[in-house]
Structure formats: C-alpha cells, structure tokens
Amino acid sequence: MKAAWMAVRNAGAPMELPKHYDPQTVEPRLYEQWERNGYFHEEPDPARPPFIICMPPPNVTGRAHLGHGSTFTPMDVLTRYHRMLGDNADWLPGVDHAAIATEAVLVKQLAQKGLRREDLGREGFVMHAWEWSRTYGGQIDAQFRRLGFGPDWERSRFTMDELLSAAVRRVFVQLYRDGLIYRGTRLVNWDPTAQTTVSDAELEYVERDGMIWRIRYPFSKEDRSDGIEIATTRPETMLGDVAIAVHPQDPRYSNIVGRSVWLPPLFERAIPIVADEAVDMEFGTGAVKVTPAHDQVDYEIGVRHALEMPSVIGLDARITGTDVSVGPYAGLDRFEARDRIVADLERCGVLLEGQPHRHSVATSDRSGDVTEPLLSLQWFVKMASLAKPALDAYRDGRLAFVPERHGRTYERWLENIRDWNVSRQIWWGHRLPVWYTPDGREVVAESEEEALELARATFGTSEITRDPDTLDTWFSSGIWPFSILGWPQQTEELRYWYPSQTMITGGEILFLWVARMVMLGLHFMGRVPFRDVVITPLVFDAAGRKMSKSLGNTIDPMELAEKYGADAFRLSILRQMRLESQEVRYQESRCEEARNFNNKIWNATRYMLALPEGLPSAMTLPEAGALTPADRWVLTRLRETAVRMGELLGAYDFGNAAECIWRFLWYEICDWYVEATKAPENHSSRAAVLSFVWNNAMRLLHPVAPFISEEIWLALPHDGPTIVTATWPDPLEIPAFESEARGFETLKRAVERVRNLRADLGLAPKERVTLQVPANVPEEMAQLLALFCAATIERLAATGESLDEALGAVTVRAPHGVLEERYGKEVRHLLSEIDRGEKKLGNESFVSRAAPEIVAKEREKLQAYRSELARVEAALRALKEPA
C-alpha cells in the first residue's frame, strides 16, 4: 500500500450542515471571505509555472449577460484549477472605457435634459464621462462577483487609467515613427447620427425589407433603348458612379469593354466599362456599377483602375455636390433622394423594374442609424507588415486555436487584411497624440511639451493645435496583454507573466481584438501575447434564435443566480458547452437540474456527517485488506475521474469536464457507493472512505461549482483554510483496484437487470423478491445484491468460471401471486388484441378494399399476438405446477 494515500493529514474539524442548502445565503458569504482574505491575488513567483489569463475587458456601460456565462465561467474554471495545481495562477481583470458606447449613453442622457455635449464643452463633457464611469462602471464587477468569478480584483485596470493611457500614447508614437501610422483619405464606416467613424465590430447587420431596382445605363443619351443593365438597392449612390465593371472572362461583355455609357438620371457624364475579376459574372446581370467613394469593393476596383472617387453623400447623410454635379438632388436626405431618383429614372425610361427585396443593412450598434461607407481623411495603421509575423506565429505553431478551425479563419483574414482606421470623431477616449502647425503639418509626440519641442526644432514654430479626434477603443484593447502588466516599464509582472498562457473569448472579435493583440504583441514585445486562443460558443435560446429584446427571449443571468444560485447557473452553461459545437441553445431547465444536483450532494454530505461512528478527524484510509468491494470500486473511480478531469480541463473541454464530475458525484457516489455503505458489511470502513473520497471529489468539483464545494469541504475533515487554495487531487495518491472495480461494475449490471425485471413484474421498489445467486459469488457481493435489489438471497450451485459469469447467472424468484397476477393480466390483454384482429380480418369489406400491404401487416400482428399468448400461457401453467 502506498504511503502517500495512507498519510494522516492535518485536518480541520467537521461541522454540522443545515437541512437545506441555501445558495442565496452561502454564496455572498463565501465570496466576501475569499476576497477579503486575498485568495484571488497573486504576486509573480518565478519558482512556480505561471498561468495567466487576461480578462477581455467588458464595457464600462456593460451588464452581465449569458455570453459572459459561456466566456467568463471557463476563465474562472481554469484559474481555479491551475491555482489548485500549484501554479502561479492569476486572472487579470479590467474594464474598457467603451468610447462610442459611453458617449452615446451620455449624449442621450443630456438630450433628456435638453442639453447637447457642446453645451458642456469638451473638457466639461470628458469630466462628466469620468464621473459617470466612476459611479456606474463598477456595476458589472459586482455582477461578476455574484456569479462566482474570481479574478485578481486588486489588479483591476481601466483602459483610461493614466498608466494605460501613457502606454497607448507610446504605442501610437512608436508606430508613427516606424512608418506604420499615417494620415490619409480612405473609405470608412460613418455613423451620421453619432458623427463618427465606427469599426466593423460596431456594425450590426439587420435584415430589412427594401427594394432592388434594375436600371439601364444607355450607350447614347438620346437613344436610351440600348445599353448595359445593372441592379442596385441604393440608387442614391448612382450620382457618384464612375464606371461599370464586368468580369474579364464574361463573353456577354467582351466586345464592349472600353466603351462608355451615360449615367442616368442626369445624363451629364459618360462613364467607362472596365473589366475586373472582383465581379461575380454569375450574380444578377454580371455587370455592376462602381461607386468608389461609397462601397468597399468599388473602392478597391477604383484603386486598381485609377478611377476618380467623387463623394456624393456628406457627413450629414445628405446629397452633396462638392466633387461632381448632383443636379436637383443637392441637399436632399439620402433616403429622400432615393425616392426622387427612382421616380426620375422611371420618367427617363431607364428603370426596367423594381422588386421587393429583403436584405442585410449595416447599422451602427451605438446609434441604430444606417451607416454610410464614405471617403474621409483619417488616421490609419498599416497592417500588411504587422500581419506577416502574426501569420507566421500561427503557421509555425507558436499560436494555436481551440477549436482549430478558427485558426484557418484567422489565417484567411490576415491574408486579406486592410489598413486599420483608428481615429474617431468623439470626445470620450484616448485623444490622438497629434498636433498641427498653422500650415497643417503634423507633429506626433507623447506629450504637448514634447510636441512643442519637435515643432520648434522641425518647423520653426511654437504654435500648434491638437487633433480633436480620439482613438478607436480597439487600439487600447490591442495592447491589453502587456499594458496591464506595466509596459513600457519593465515590471516584475511583465517579466514573469508575459506572455500569458490562454486567451478565452468569443469568435465575433477574433479579428478585431485577438489578431490585433497578436500583431501588436509581436511588434512591441517580440513574442505572441498568449499560446492558446479558446473560442467559446454563442448562446441562443432553446429554439436556436439569437436573443434580443424585440423577440422577448433574453435571459438575465443575475435573475438565474438569484433564483437557483450561481453554481447552478455555471453548471447550466458549462454542461451545454461542447468543443465540436459553437453554439449553446440555452434552457432554464438546466438550472433546475443543477439545483437538484446541488441538493443531492448536500443531502449526501448530511448523511455522511450523521454516521453514528462519525467521520475520522484525519483523512486516513484503512489498510487495503479492510476495504470492501464497494470501497475498492469507488476509490478506483475517484482516481480515474481525477485523471479524466485533468485531461478534459487541459484540453479546454469544459462541457465534458462538468459532465464528468456531475456523473461521478450523482450517478456513482450518491446512487451506488453511498447506498452500498448502508450494508452492515461496509460499516467498518465507510466513514474513512467516504471522508477521503468526498473531500477529493469536492476539490474536483470546485472549479466548476466553487460555492457548494467550499461549503461542503469545510464541513468535512480538511486541510487548510479554504478549498480555493487546496491542492488538486493527485491520481497517484489515490489507490486503484482495477480488477475489483471491474467486478463491481459487473455487479451493477446485474442489479440493473434485476431492477428492470422488477419493473416488468410491476413490483413496488421496496417489495422483496428472492434472488437466486450462485455459490461462487462472494458473500459481500451477495449482500450488496440483497441491499440494492430489496431481495432475499437463495444460494444455488456455483456457475461459470469467472465472477462475471456467476453474476450473469443471478435470477429472480418473485412471489407466485405476483407472477400469476402479471401473467393473467397479460393473457387478458393478448386475448383482447387477438379478438380485435380476427374480427378485422374476418371483415370481407376491409380485406377487399384495404391495400395488400396493410392486410398483410394485420395478419402478421395477429400471428405475433397468438405466439405471445402461447408463451405466456405456458409460463402460467408452469407456475401452477407443483415444484
């Protein structure tokens, strides 16, 4: 016997548990103790392997939702697991200033008071935003605490903190000096209501009913009967068309490439027909209008063919004639202009048809307005040279994705990357560290003092004006993995905790955040910011629909936590997660199941604590010879479960890990071992084994259900002040008896077979039967059969050469009266079915009119009933014959 598992531990005294588990009382109490005692806090320790997770910073405007359940619960699970392994484990939290979202909230609140942000002025508005963030920004942190998430709150950061803001300025200036940031006119997403550019992440594509119009662009403005046909959903952009594009391999248009058509409805400009491989010749007519200033694909076509790029929609979403004549449409709202242009196209005879068309429309998720692709003078980051090292890191294995298919998506995006627009026309956020001289020359510096020195030295002027724009929120998020560790200062945290080990996030920000963290981490730190990227599933309702207020199917995790407890909510999410699936169809019933699970293990603990002999004060197992078959089986299963849990958590398979410990606790310990301990033969060893197994099982449960595992663990003999810092069960310290465990599994199968037979006989669960058990089944197993099956044992001659064969020969001898009643009931049922079948087949009308296969089927059923009747009557006769 191994000394390791026999060792006496310095165990805490057990305590009494109340009759019912109350998560609303237990969970807040335990969390307050954990945080007050600093159990979530770590300092860099080079003597231990690091395990660091950077929390994706939720928006300061945010509130907890089910998506946080599927993303943040796994982070908490892993951090707790690695802390128990003895790693230098720390989960680094923070909050994002959410520039556009926060400004939108504040502007709306001001409007309710009859004010605009301009009434406060920039300085006053920014001060107001700071006050609001300090007042309301901690709400989501409080919600995370209620859900049991345990990051290192002492290290929480805000992306607008001075140290992080200084890091943002350093990165911008360094990228500029490296030639990777520039100011230029390019196509951006413009929010006309918020009056700012927005990132792709801030676009929400909404299905809307609209129209699609088929229009002829004539070769002659006098004779408009011949020309080239296109289809569009946005006729208002026709005013900015500069070409018609066709595919170079499209035979329909090969003879007209190079010709010109007249642009309706004004017919003041002729535009060329060009050939470009971006055109899908199978879609529509195979010809597309090219409006480079108002469409991304058109912009790229325009660049390739050196086309002009006139803007015809302004920042106010009205038609503008700054770059080209727009005739009578100047000043019209874009949608009003659309209606006017359609009417004029019809009047001119070039509108061929208009059809209802449901399509996806890009809207700003901040203002809800339809965004406009516009050419605008903005600041951009050059991405091609940053993308190559990030691609290499994935291809050479330094960066891995779980599930792996997301790596291929990451690769495709980086291969087709575009320059990144990082300037925003709002006041809340990191202001661009850019100043301009009176003649418009730019000065980029980390501070105004440095900018003045540069302006004097370079341009001979002390007169500079700061750029009013702020940076895209994703810019500060992109440096999150090293800025929160103190960069650019060379801190101990940066030295030992960069790179982190794992990034867990949603797939929707794979490009907007994950890829940028990798690119900037490689550029500034020389290493990838994390080894593994785990993409968690999206959460839908039970019908597979996206949750939204309009559908009325949103579920508030805080309400679930209050109703069922945080552990129940965590289990309900985790048990539905699978690596192979990227969606969770959430059902509240899973919370009910988890609450029942918690009650099950709570009551099992109360049974253990109420044992007359009491639980031993130290977790010491009896000698191997004193262990019963049930003891050996449960210890073996504990060891196997510890191994399996380590494998699953190491592979980020959170769903199967939760299911693994759930099934072990409920279906093996509670349903089988606890019941087995009620047999007199098990009384001598049960307290020690229960204490050892249950203590270890609670540690295996702790990462997924931290509260109830702590409350139970503290009630048992235990070592240390809290399960949070307890050691993870070492499988090598748990004894295993594989041969005996296989024998117990055979016993379980025999019990299940007997239970099924009891159900067939209609016996009540406690109604006793006689089990005929071969003599070569050991007595202790025979007694377990008697216990599990509510049976009296009757020994028969030995059967078979193995325990499996002997247990397979166990039979049930039920009371004669029970069997007679059951067989009699079955005879009556079969006679009724036979009578019905004979009458049906004796009906000439049915036989002649029904399909032959139906008649044949009825004859087969009748024959089957007759055969079954003969079998049951024979059994009944045998029962009545004297023995």
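This briefing describes selected helices, helix pairs, loops and individual residues of the structure above. The model is a predicted one. Two helices are treated first, α10 (residues 384-395) and α24 (residues 738-761). Two helix crossings follow, that of α21 with α25 and that of α17 with α19. The remaining points concern backbone geometry in loops and the surroundings of Trp130 and Thr811.

**Helix α10**

- Helix α10 comprises 12 residues, and its first and last C-alpha atoms lie 16 Å apart, close to the 16 Å expected at 1.5 Å a residue.
- The buried residues in α10 are Leu386, Ala387, Ala390, Leu391, Ala393 and Tyr394.
- Viewed down the axis of α10, these buried residues fall within an arc of 155°, so they line one face of the helix.
- In general, residues three or four places apart in an α-helix point the same way, because there are 3.6 residues a turn.
- Ala384 and Lys388 are exposed and sit on the face of α10 turned away from its buried side.
- The packing partners of the buried residues of α10 are two strands, β14 (372-381) and β15 (400-402), and two helices, α11 (405-415) and α16 (510-525).
- Following α10 is Gly397, which has a positive phi near 90°.

**Helix α24**

- Helix α24 has 24 residues, which should span 34 Å at 1.5 Å a residue; the 35 Å between its end C-alpha atoms agrees with this.
- Its buried residues are Ala741, Gly743, Phe744, Thr746, Leu747, Lys748, Ala750, Val751, Val754, Arg758 and Leu761.
- The buried set of α24 thus includes Lys748 and Arg758.
- Gly762 follows α24 and has a positive phi, near 75°.

**Crossing of α21 and α25**

- The axes of α21 (residues 654-676) and α25 (residues 779-789) come within 10 Å and cross at roughly 120°.
- This angle makes α21 oblique to α25.
- The crossing of α21 past α25 is right-handed.
- On the α21 side, the residues that meet α25 are Asp671, Trp672, Glu675 and Ala676.
- On the α25 side, the residues are Leu784, Leu787 and Phe788.

**Crossing of α17 and α19**

- The axes of α17 (residues 557-564) and α19 (residues 589-609) come within 10 Å, with a crossing angle of roughly 30°.
- Angles under 35 degrees count as roughly parallel, and α17 and α19 are therefore roughly parallel to each other.
- The crossing of α17 and α19 is right-handed.
- Leu560, Lys563 and Tyr564 of α17 make the contact with Cys591, Glu592 and Arg595 of α19.

**Backbone geometry in loops**

- Most residues other than glycine have a negative phi, and most peptide bonds are trans.
- Pro264 and Pro265 are joined by a cis peptide bond with omega about 0°.
- Pro265 lies in the loop between β10 (260-262) and β11 (270-275).
- Phe267 is also placed in the loop between β10 and β11, and its phi is positive, near 55°, although the residue is not a glycine.
- The relative accessibility of Phe267 is 5%, so the residue counts as buried.
- A cis peptide bond also joins Trp487 and Pro488, with omega about 10°.
- Pro488 is located in the loop between α14 (480-483) and α15 (492-497).
- Ala317, likewise not a glycine, has a positive phi of about 65°.
- Ala317 belongs to the loop between α8 (296-304) and α9 (334-348), and at 4% relative accessibility the residue counts as buried.

**Surroundings of Trp130**

- Trp130 is part of helix α5 (residues 117-136) and is partly exposed, with a relative accessible area of 22%.
- Beyond its neighbours within four places in sequence, Trp130 is in contact with Phe158, Met160, Asp161 and Trp428.
- His97 is 33 residues from Trp130 in sequence, and their C-alpha atoms are 9.5 Å apart.

**Surroundings of Thr811**

- Thr811 is in strand β28 (residues 811-813) and counts as partly exposed at 33% relative accessibility.
- Residues up to four places away in sequence not being counted, Thr811 touches Thr770, Leu771 and Gln772.
- Thr811 and Val773 are separated by 38 residues in sequence, and the distance between their C-alpha atoms is 7.0 Å.

Conventions. Residues numbered from 1 in each chain as written. Predicted model: local features only at pLDDT ≥ 70, side-chain atom pairs only at ≥ 80, totals over all residues. Heavy atoms only, no water. Helix = DSSP H or I, 4+ residues; strand = E, 2+ residues; numbered from the N terminus. Expected span 1.5 Å × (residues − 1). Buried < 20%, exposed > 50% of the residue type's maximum accessible area, 1.4 Å probe, protein only. Arc of directions from axis to C-beta. Contact = heavy atoms within 4.5 Å. Axes fitted to C-alpha atoms, helices over the stretch in contact; angles between N-to-C directions. Parallel < 35°, antiparallel > 145°, perpendicular 65-115°, else oblique. Left-handed = near helix turned anticlockwise from the far one by under 90°.
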